[in-house]
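Thanks for making time this morning. I would like to walk through one model with you, going from the chain as a whole to two helix pairs.

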Amino acid sequence: QVGSLDHKKNKMNLIYIYMTVISLGVMILLGFVFTTKNTIGQDDQTLTFVDAINQTLEDNNGFAAQSASLAAKEKDVKIARANFLPSLGFEASYYIAEGEKINDWDRIGVSTGTQGVLSGAIYQMIYNEQYFANHRIQKELYASQQEQFRNARYQLIASAGQTYIGVLVAEDVLDVMRIDQELTMKNLEAASYREELGSTSQQEVLRWKTKLYKSDQNIAGQQASVRVNRIALNQLRNQPEEKAEVLERLTLEEDGFVFTSSLVDQILEDESKAKILRDYLVEIGLGNSPLLGSMDAQIAAQQRQLKLDKRWLIPDFDLMVGGDDQFAVIDAGDGGTETGAYFWFAGAKMSWTVFRGGSNISKVKQQKIVSQELQFQRTEVKTSQEKAIRSQASLLIADFKNVRLANEQAEVADKNYEMVYDAYLLGEVTLLALLDAQEQKFIADYSSVVAYYTFLLDLLSLEEMIGYFPFLEPQEEVDLVIAELERRITGE
């Protein structure tokens, strides 16, 4: 009996030594995978986050169409301004006639002969309220269009950033799946060796094979997800869909914006400090809001239209100068000729509409109602934006806490797996315990990746809301923004 126990103990020690060697090999392999992760396909070009954003802004076809639309809108301002400049026109005519013609005044006349006339005139508007108002309205509408274009730019930046991060998420989740696959392969090999030694049954081997097949299926699906996200990123940048590039990794230390502040722990633990952060972000967001800027321009245009309608009793004034010259000989039909004659004129014109059936008064009342409507809309937009910024900032604080907790969970799960694995090799725990430990490790690693990139995605959404993307701004300016936040938190 003692010999039997010694024999069993020797087998377990042998298995332990064998699996330790395998574990070291797997660790070396995984280390190689991670250290060479960004150099696989080393001929591929490295694409940074900022470069991806800039390429999207430069080459995206949809954004180019919006840019062309803005340029066309600018021409409306120049067209309206043209009414202030002189209008110069020329007219030339030449005809040949023969025979008699009945004239309503002279009753009869002779029109046989030829005639040529060249005339020209200059018209200059002195004062026309409609022209002045239209020019100002077009300028305000163009300003509104500019703000809408800026909002479209923010949306495109956020979309490109989210797609870029989507690729990173897919790749990191794939790495987690590959680690789980490697662990399953290692455990399958251990189970097979244990079966050869007679210390376990074939059922255990089959259980690991089943798990390995499941891992392979998950990896195949995740590889497709990586390709789909890469294609989406290339399409946004107007690049070949299958173009392969190594993406720059993002870090909280470099890309965390206000969460890189040394006072971030105070924000996480003290609600009063968190409120200071929310107030500060709302201040930045409302100051940079393209939606509010667009509404302000529309309100200004509406106010100018109202002023125009109120000035309906002001007349319009124009100046006219012109002349014409007969440059051909006139034959009156009797053989005689008449040389050309020059004619000129100059004058002023006043147009004054005193009454239009009461429509002017109704227009004034109508425009006042429209102005009030726009003011109400602006207030609603401002309230909605402030609510969205405050909510997103609160969500980010929770996200940041979750990142830390998820990392700690992953560390604990990794240590637990190592302990259970060692105990499993020594026969101290069952197969189910090892399966559970590996599953917990996979879930923790997956949760860590999801928490990390959820924070980055929510941060990008916040940056879109406040109209401030720190990765596109000079670092000195970003440092000033963070320094101002820290000054408010410390009360200095």
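**From the whole chain to two helix pairs**

Let me begin with the contacts: among those in the chain with a separation of 6 or more, 82% are between residues that lie 24 or more positions apart. Please keep in mind throughout that this is a predicted model. The chain contains 12 helices and 10 strands, and of its 492 residues, 38% are buried. Its accessible surface amounts to about 27,900 Å², with carbon and sulfur atoms contributing 55% of that area.

Now to the first pair, which is helix H8, residues 271-288, and helix H12, residues 475-490; their axes are 10 Å apart and they pack at an angle of about 140°. Because angles over 145 degrees are the ones that count as roughly antiparallel, H8 is classed as oblique to H12. The crossing of H8 with H12 is right-handed. On the H8 side, the residues that meet H12 are Lys273, Ile276, Leu277, Tyr280, Glu283 and Ile284, while H12 contributes Val481, Glu484, Leu485, Arg488 and Ile489. Sorted by class, this contact of H8 with H12 comprises seven nonpolar and four charged residues, with no polar ones.

The second pair is helix H9, residues 290-310, with helix H10, residues 359-425, where the axes are 9 Å apart and the packing angle is about 170°. H9 and H10 are therefore roughly antiparallel to each other. Their contact, again by class, has nine nonpolar, nine polar and seven charged residues.

Technical notes:
Residues numbered from 1 in each chain as written. Predicted model: local features only at pLDDT ≥ 70, side-chain atom pairs only at ≥ 80, totals over all residues. Heavy atoms only, no water. Axes fitted to C-alpha atoms, helices over the stretch in contact; angles between N-to-C directions. Helix = DSSP H or I, 4+ residues; strand = E, 2+ residues; numbered from the N terminus. Parallel < 35°, antiparallel > 145°, perpendicular 65-115°, else oblique. Left-handed = near helix turned anticlockwise from the far one by under 90°. Contact = heavy atoms within 4.5 Å. Nonpolar A, V, L, I, M, F, W, Y, C, P; charged D, E, K, R; others polar. Buried < 20%, exposed > 50% of the residue type's maximum accessible area, 1.4 Å probe, protein only. Areas by Shrake-Rupley, 256 points an atom, 1.4 Å probe, with all protein chains shown as cover.
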